[in-house]
Amino acid sequence: MNSQDRYFASPMERIAPFSFNAEVAEVFDDMVTRSVPLYRENQALTVELLARLLKPQDLVYDLGCSTGSALLQIGTQLKHLDLQLRGLDSSAPMVEKARRKMKAFGLKNAEIDEADITRVELLPAGAVIMNYTLQFLPLEARLPLLKKIHASLRPGGVLILAEKIEMDAPELQHLITDAYYSFKRANGYSELEISQKREALENVLVPLTSKKQSELLTEAGFAPVETLLRWGPFATFLAAKELTL
């Protein structure tokens, strides 16, 4: 059973920059489900698309796999494709929890490794998933990583990228942000939790606008690029390599 997220529930004398430490890993599944609108719907849509796009025995990467939830959904629902699944994450506690999850569900075709995704060599793949990962990387590291992902994909392969985003119209930023905080309140987060997490994420999570994110994917070589899912400040992009259906 997942632990409830109470990480920011008590007043903190000093709020350290957000990190994916052991305490966060322990409550992460609850944290992300209650903090990210359409989180489960995003995973379901990913499985639906990959079921139509992947070939038998394709390699699928999850870069920044956290506790392995996306790979678990893919592996259990697309068993007939006999896929190779590989999750990479720089957080040792996240990797450990993901490995335990794969073992608990008997997912033997999933390999989880601790790695810096900006440095690791990627093998030829049918799909790459990045859920709320690119936003934590330095801005200058994002285009090189996207180019590396594009180069690793076989023709017809896809990147499914979910990110927190800024509004293309800055005058709407406050309105959308306020609606998002209402979403978090409805999921049981207090004003203290919301404010302390916001401070912890400042300058750690740096979002781009939807337009800029699409342009970055195009610059990396992807075509076509499409926004699949959108809820306020969260969006999922499908970026393909030489896709013909």
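# Helix packing and selected residues in a predicted model

Y132 is found in the loop between β4 and α5; helices (H or I, at least four residues) and strands (E, at least two) are DSSP runs, numbered from the N terminus. The model is predicted, so local features need pLDDT of at least 70 and side-chain atom pairs count only at pLDDT 80 or more, while totals for chains, interfaces and linings use all residues. Residues are numbered from 1 along each chain as its sequence is written, and side-chain values use heavy atoms, with hydrogens and water left out.

Y132 has a phi near 55°, a positive value in a residue other than glycine. Y132 is buried, since its relative accessible area is 11% (buried means under 20% relative accessible area, exposed over 50%, partly exposed in between, with a 1.4 Å probe and protein chains only). D82 also has a positive phi, near 50°, and is likewise not a glycine. D82 sits in the loop between α3 (69-77) and β2 (84-89), and at 46% relative accessibility D82 counts as partly exposed.

After the loop that holds Y132 comes α5. Helix α5 covers residues 139-152, and its 14 residues should span 20 Å at 1.5 Å a residue; the end C-alpha atoms are 21 Å apart, which agrees (the expected span is 1.5 Å times one less than the number of residues). Which residues of α5 are buried? They are A141, R142, L143, L145, L146, I149, H150 and S152. The cover over these buried residues includes the strands β1 (59-63), β4 (125-131), β5 (153-166) and β6 (208-209), together with helix α8 (210-219).

The packing of α5 with α8 can be described further. Two packed helices are described by the angle between their axes and the distance between the axes. For α5 and α8, the angle is about 50° and the axes are 9 Å apart; axes are lines fitted to C-alpha atoms, for helices over the stretch in contact, and angles run from 0 to 180 degrees between N-to-C directions. The two helices α5 and α8 are therefore oblique to each other (angles under 35 degrees count as roughly parallel, over 145 as roughly antiparallel, 65 to 115 as roughly perpendicular and the rest as oblique). The crossing of α5 with α8 is right-handed, a term for the near helix being turned clockwise from the far one by less than a right angle. On the α5 side the contact (heavy atoms within 4.5 Å) is made by R142, L143, L146 and K147, and on the α8 side by Q213, L216, L217 and E219. By class, this contact of α5 with α8 has four nonpolar, one polar and three charged residues; Ala, Val, Leu, Ile, Met, Phe, Trp, Tyr, Cys and Pro count as nonpolar, Asp, Glu, Lys and Arg as charged, and the others, Gly among them, as polar.

K211 lies in α8 and is exposed, with a relative accessible area of 56%. The C-alpha atoms of K211 and I165 are separated by 9.5 Å, with these positions 46 residues apart along the chain. In the loop between α8 and β7 (225-231) is P224, which is joined to A223 by a cis peptide bond with omega of about -5°.

A second helix pair is α6 (residues 173-186) and α7 (residues 191-201), which pack at an angle of about 130° with their axes 10 Å apart. That makes α6 oblique to α7, and the crossing of α6 and α7 is right-handed. The contact is made by Y181, K184 and R185 of α6 and by E191, I194, K197 and R198 of α7. These residues divide into two nonpolar, no polar and five charged.

A179 also belongs to α6; with a relative accessible area of 38%, A179 is partly exposed. A179 and G232 are 53 residues apart in sequence, yet their C-alpha atoms are 7.9 Å apart.

In α7, the buried residues are E193, I194, Q196, K197, A200 and L201, and they pack against α1 (22-35) and α6. Just after α7, N203 takes a positive phi of about 65°.

What does M31 contact, leaving aside its neighbours within four places in sequence? M31 is in contact with D5, Y7, F18, V24, Y189 and K197. M31 is placed in helix α1 and counts as buried at 2% relative accessibility. M31 and R6 are 25 residues apart in sequence and 8.6 Å apart in space, C-alpha to C-alpha.
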